[in-house]
Amino acid sequence: MAEPLLRVEGLVRRFGGIVATDHVSLDVAQGELHAIIGPNGAGKTTLISQLTGHLPPNAGSISLGGLDITYLPAHRRCALGLARSFQITSLLLDFTAADNVALAAQAHAGTSFRFFADARRERGLREAAHAALDRVGLSHRADIVVSRLSHGERRELELAVALASRPKILLLDEPMAGLGATESQRMVKLLQELRKEVSIVLVEHDMEAVFALADRISVLVYGRLIASGDPAAIRQNEEVRRAYLGDQHVVTRHG
Amino acid sequence: MSKAFSASRAVTALMLAGLLLLPLYSQLSGNLFILTLFTRIVILALAAASLNLIMGYGGMTSFGHAAYLGIGGYAVGILAQEGIGSGFVQWPVALAASAIYALVIGALSLRTRGVYFIMITLAFAQMAYYVASGLARYGGDDGLTVYKRSAFAGLVDLSNRVQFYYLCLACLLGVIALIWRIVNSRFGLVVQGLRSNEQRMQAIGFPAGRYRLVCFVISGTMCGLAGALLANNTDFVSPAVMYWTRSGDLMVMVILGGMGTLFGPVIGAVVYLVLEELLSQVTEYWALIMGPLLLVIVLFGRGGIMGLLGRLDRG
Ligand SMILES: Nc1ncnc2c1ncn2[C@@H]1O[C@H](COP(=O)(O)OP(=O)(O)OP(=O)(O)O)[C@@H](O)[C@H]1O
Ligand SMILES: [Mg+2]
């Protein structure tokens, strides 16, 4: 097997007495959509934050494309092609949607120690921003200040911001959180498109979406990975059923 | 913003016209005092504008900005005392000294946030104050008289009140133009993004520290220029210009005028200092009126005067 794009080995993170990440090892292959599921407080966000560099692990290692990134700061990992969306929307509220995305493009387009030229007139950055906004269906809202966008639009904008950095791997922390039914469907469709272009780690509670999208699913409970496999295997897994899915949730769809 | 007419624009234009024509009024009316007052206002407006760059745009609330007034001033005063009277030497030294101070203080204090940042910048400025008080050779506590204003090879005569006023005004407008370019540049957007949401900025690939530090240094250097002007204006520099109340005055000007707006600090400086002047003529207890007045504006007029005018525009 070729070297996986992202490899996590023996990752441990404690918060006081709690072990939020308990010797987690997993990998994400090139082009794979790897879903991580688990009940509330299982440590999914904690895991993502260690992958992005927002939270240092206590032990273990993370490598991206064979390069050890365990101790790289967040901005360096981003430069290497790792982008995230936040479970709780984290955007520049007093900037327009286009500005939010253009800044992400700017971070990957040469130095930002430029003091005189008007950045909002930079063709390349604006075009990149509009392309990303277009991808998520937000181009008609480009010039709206983020604080005036709806919750659903902000979730889409999170994704556009992540896309604008042209990542190799997208880490999405509950992109569907708080979305209505139609908005969720739009998001699933969007992810179905994106997965053709970029590897994705998807944390999501919406089981229907997870089973429809994932190549592989890993199940996290109390910080431990209790199972990892393709959707069919996970659906069959007794331990997973007991620990998490609950019988009523299982088998929402076949194939 | 896109409207041709807006209250904030009208007030700004009016104020600029007033500042430009002030020497004329002073000459015609024979009121020399007003020119003296407004020279000081323009200089402190420059200091407030520089503070606004880090505080309003960058979200770095420094409580030690008056330190640069002292550093710029002492650079001029000490060099003059040592027989170097050329402004072409004095002023670059004033700017460089301010930049170096900002670099050191910024590198140390930008590791902290919020109240800690406020306190640590305050502490460093007070340290500068005590260092200046200890400069026995240069007047110590009593300060240092600048017997000759900076000389610019006959290009501009700083002892001519009108020329000096216009020099100060040109410096102010130049610095504001520079700030205008900076805040709309790549660098400026990053700095403002960091004020808005540091976590997000790091996630899209910007290291916070170095952008903040560079912004801090630019701001301090600009304020050093105000310090050089101030020493020339008063023919004197003393530790008192660095005292923490002076830093507080600058903060009030910025907040009063409107943080993160280009001309807010100028309006803030004009209103604050004119009000101080008028009230102190009426009663020696002017601070008792000034304090609550400012409190009302800051508490109820969020965004300062510029914010109020902006709301007027939106109806
Ligand atoms: N900064 C922190 N300090 C202390 N404890 C924390 C911190 N962040 C997370 N935890 C704890 O770590 C555990 C895992 O939290 P985490 O947010 O990673 O769960 P999650 O799987 O993302 O949950 P959810 O599905 O609710 O988003 C929880 O017990 C949580 O209380
Ligand atoms: Mg979470």
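**View 1. A nonpolar patch on the surface of chain B.** L20(B) sits in helix 1 of chain B, in what is a predicted model. Together with L21(B), L24(B), L28(B) and Y166(B), L20(B) makes up a nonpolar surface patch. Add up the accessible area of the patch members and you get about 530 Å². Which element gives the most to this patch? That would be helix 1 (residues 7–29) of chain B, which puts in 4 residues. As for L20(B), its relative accessible area is 43%, so this leucine goes down as partly exposed.

**View 2. The magnesium ion and its two protein donors.** Here we zoom in on ligand 2, a magnesium ion held by OG1 of T45(A) and OE1 of Q87(A). The coordination distances run from 1.9 to 2.1 Å. These two residues come from distant parts of the chain, 42 residues apart. T45(A) belongs to helix 1 (residues 44–52) of chain A, while Q87(A) is in the loop between strand 6 (82–85) and helix 3 (97–106) of chain A. Are the donors buried or partly exposed? T45(A) is partly exposed, because its relative accessibility is 28%. Q87(A) is partly exposed too, given a relative accessible area of 29%.

**View 3. A buried salt bridge between two helices of chain A.** The side chains in this close-up are D99(A) and R126(A), which pair up in a salt bridge with an N to O distance of 2.9 Å. D99(A) is in helix 3 of chain A and R126(A) in helix 4 of chain A, so far as sequence goes 27 residues apart, and the pair links distant parts of the chain. Both partners are buried. As a bit of background, oppositely charged side chains can pair when their charged atoms come close. Over all chains, the salt bridge count comes to 19.

**View 4. A salt bridge from helix 5 to a loop in chain A.** E153(A) and R141(A) form this salt bridge, with 2.9 Å between the closest N and O atoms. E153(A) is in helix 5 of chain A and R141(A) is in the loop between helix 4 and helix 5, so the bridge ties together parts that lie 12 residues apart in sequence. How much of each partner is accessible? E153(A) has a relative accessible area of 16%, so this glutamate is buried. R141(A) comes out at 22%, so this arginine is partly exposed.

**View 5. A salt bridge across two chains.** This one features E158(A) and R200(B), whose closest N and O atoms are 2.9 Å apart in a salt bridge. Why does the pair join two chains? Because E158(A) lies in helix 5 of chain A, whereas R200(B) lies in helix 8 (residues 198–203) of chain B. With a relative accessible area of 0%, E158(A) is buried. R200(B) is buried as well, at 2%. Elsewhere, D27(A), E32(A) and R216(A) are joined into one network by salt bridges that share partners.

**View 6. A positive patch with members from both chains.** Four arginines form this positive surface patch: R148(A), R302(B), R311(B) and R314(B). Where does R148(A) sit? Look in the loop between helix 4 (123–135) and helix 5 (151–164) of chain A. The relative accessibility of R148(A) is 66%, so this residue counts as exposed.

**View 7. Positive phi at H23(A) and D235(B).** H23(A) is not a glycine, yet its phi is positive, at about 50°. H23(A) is part of strand 2 (residues 18–28) of chain A, and it is exposed because its relative accessibility reaches 54%. D235(B), also not a glycine, has a positive phi of about 55°. You'll find D235(B) in the loop between helix 9 (208–234) and strand 2 (236–237) of chain B. At 28% relative accessibility, D235(B) is partly exposed.

**View 8. A contact between residues far apart in sequence.** How far apart in space are the C-alpha atoms of A99(B) and V217(B)? They are 5.4 Å apart, with the two positions 118 residues apart in sequence. A99(B) is in helix 4 (residues 87–109) of chain B. A99(B) is buried, because its relative accessible area is 18% and the cut-off for buried is under 20%.

Notes: Residues numbered from 1 in each chain as written. Chains lettered and ligands numbered in written order. Predicted model: local features only at pLDDT ≥ 70, side-chain atom pairs only at ≥ 80, totals over all residues. Heavy atoms only, no water. Patch = residues over 30% accessible without salt bridge, like charges linked within 9 Å, V, L, I, M, F, W, Y side chains within 5 Å. Areas by Shrake-Rupley, 256 points an atom, 1.4 Å probe, with all protein chains shown as cover. Lys, Arg positive; Asp, Glu negative; His and termini not counted. Charge placed at Lys NZ, Arg CZ, Asp CG, Glu CD. Buried < 20%, exposed > 50% of the residue type's maximum accessible area, 1.4 Å probe, protein only. Donors = N, O, S within 2.8 Å, 3.2 Å for Na, K, Ca; no water.
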